[in-house]
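Work through the exercises below with the sequence and the model open side by side, and attempt each task before reading its solution.

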Amino acid sequence: MSKYSQITDYLVRFLDNEVKKTGIKKVVVGLSGGLDSAVVAVLAQKAFKDDLLCVKMPSQYSSQSSLDDADALCRDFDLKNITCSIEPMLLAYESMHKDLDNLRKGNFSARMRMATLFDISARENALVLGTSNKSELMLGYGTLYGDLASAINPIGDLYKSEVFELAHYLNVTPAIIEKPPSADLWDGQSDEADLGYTYAQLDAAMKLYVDERVPRDEVIARGIDEKMLDMIIKRIFRNHFKRKMPVIAKLTSRTLGHDFNYPRDITL
């Protein structure tokens, strides 16, 4: 059995088990036409079949190719899907705030998509599945309460380069695998242009520094670019708050997040 066959089997069981623990049977996934959401949608279909709903949430900045790729994935894998545009909300907000730069515009778009997805999940009595990979989570390359929000995330321990490999194994629509990664948050936005390096370069460094805990100087000695590594280390620590629940000031003997940590699957 191949590595990604084992990973697929595990992640499908993980999704099934974690959703069952909540007593909820359905899930929703925000489908962008990008690689991460495509992989999560295909995994979720294996676990939930007709109890999966994919939600496309385009804006005026969404590329036609992304919309076409999302549609192609739905056809290829027979995914139940709906479209709920965030364009009216984004246009209304932009009309009130003429000074929006790309960062604010992108963050607002991501949060409007997640607000929409959680509302649909409430209507459907479903859980929201996350689509952030380990590269994004470690670097803080995501929007708090936007694309980083979810109830369950099956790919958060896979680096982007590994998600690419898993997508090949799952036979994800080729156009989705082949295009440059982008969140489509503004015209011409590109993940790797934002970060300054390719995911292959970033992941190679993080596998050493994060997973293998190789000291900084030794990572550099192994041929990793020093400037890039320092950028990675800075982002990992600067953005740690995005990977944690809000910190609560401790005033009692049983404080949430400190010593009130029951397992999520506890039953009464």
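## Exercise 1: The parallel strands

Gly30 is positioned opposite Val55, a residue of strand 2. The model is a predicted one, and the exercises read its geometry as it stands.

Task: Establish in which sense strand 1 and strand 2 pair, and trace how the chain crosses from strand 1 to strand 2.

Solution. Step one is the pairing itself: strand 1, which covers residues 26-30, and strand 2 run in the parallel sense and share 4 bridges. Step two follows the chain, which leaves strand 1, passes through helix 2 and arrives at strand 2, giving a β-α-β crossover that is right-handed. Step three extends the reading to strand 3, with which strand 2 also pairs in the parallel sense, here over 3 bridges, and where Ile82 is the residue opposite Val55. The chain crosses from strand 2 to strand 3 through helix 3, and this β-α-β crossover is right-handed.

Task: Decide whether the two faces of strand 2 are covered or open.

Solution. Take one face, with Leu52, Cys54 and Lys56, and then the other, with Leu53 and Val55; the residues on both sides are buried, and both faces are therefore covered. The assignment of residues to faces rests on a general pattern, in that side chains of a regular strand alternate between the two faces of the sheet. Counting gives 5 of the 5 residues buried, so strand 2 is largely enclosed by the rest of the structure.

## Exercise 2: Helix 3 and its surroundings

Task: Compare the span of helix 3 with the span expected for its residues, and list what its buried residues pack against.

Solution. Begin with the length: helix 3 comprises 14 residues, 64-77, and extends 20 Å from first to last C-alpha, close to the expected 20 Å at 1.5 Å a residue. Next, pick out the buried positions, which are Ser66, Asp69, Ala70, Ala72, Leu73, Cys74 and Phe77. These buried residues pack against helix 2 (35-48), strand 2 (52-56), strand 3 (81-83), helix 7 (160-170) and helix 8 (174-178). Finally, look just beyond the end of helix 3, where Asp78 adopts a positive phi of about 55°.

## Exercise 3: The cysteines

Task: Explain why Cys74 and Cys54 do not form a bond.

Solution. The cysteine sulfur closest to that of Cys74 belongs to Cys54 and is 5.4 Å away, which is too far for a bond, since a disulfide requires the two sulfur atoms to be within 2.5 Å. Cys84 is in no disulfide either, its nearest cysteine sulfur being that of Cys54 at 14 Å, and the total for the structure is 0 disulfides. As to environment, Cys74 counts as buried because its relative accessibility is 7%, whereas Cys84, at 28%, counts as partly exposed.

## Exercise 4: The nonpolar cores

Task: Identify which residues touch the most other members of the largest nonpolar core, and say which element supplies its largest share.

Solution. The largest nonpolar core has 39 residues, and within it Val39, Leu43, Leu73 and Val172 touch the most other members. At least two residues of this core come from each of helix 1 (3-22), strand 1, helix 2, strand 2, helix 3, helix 7 and helix 8. The largest share, 10 residues, is supplied by helix 2. To see one of the well-connected members in detail, take Leu73, whose contacts, leaving aside residues up to four places away in sequence, include Leu31, Ala38, Ala41, Val42, Val172 and Ile176. Apart from this core there is another, of 20 residues, including Tyr141, Tyr199, Val214 and Ile236.

## Exercise 5: Positive phi in loops

Task: Locate Tyr145 and Asn171, and decide whether each is buried or exposed.

Solution. Tyr145 is in the loop that joins helix 6 (134-139) to helix 7, and although not a glycine, Tyr145 has a positive phi of about 65°. Its relative accessibility is 54%, so Tyr145 counts as exposed. Asn171 sits in the loop between helix 7 and helix 8; this residue is not a glycine, yet its phi is positive, about 60°. With a relative accessibility of 61%, Asn171 counts as exposed.

Technical notes: Residues numbered from 1 in each chain as written. Predicted model: local features only at pLDDT ≥ 70, side-chain atom pairs only at ≥ 80, totals over all residues. Heavy atoms only, no water. Expected span 1.5 Å × (residues − 1). Buried < 20%, exposed > 50% of the residue type's maximum accessible area, 1.4 Å probe, protein only. Contact = heavy atoms within 4.5 Å. Pairing = 2+ DSSP bridges. Right-handed = clockwise from strand over helix to strand, strands pointing away. Core = buried A, V, L, I, M, F, W, Y, C linked by side-chain atoms within 4.5 Å.
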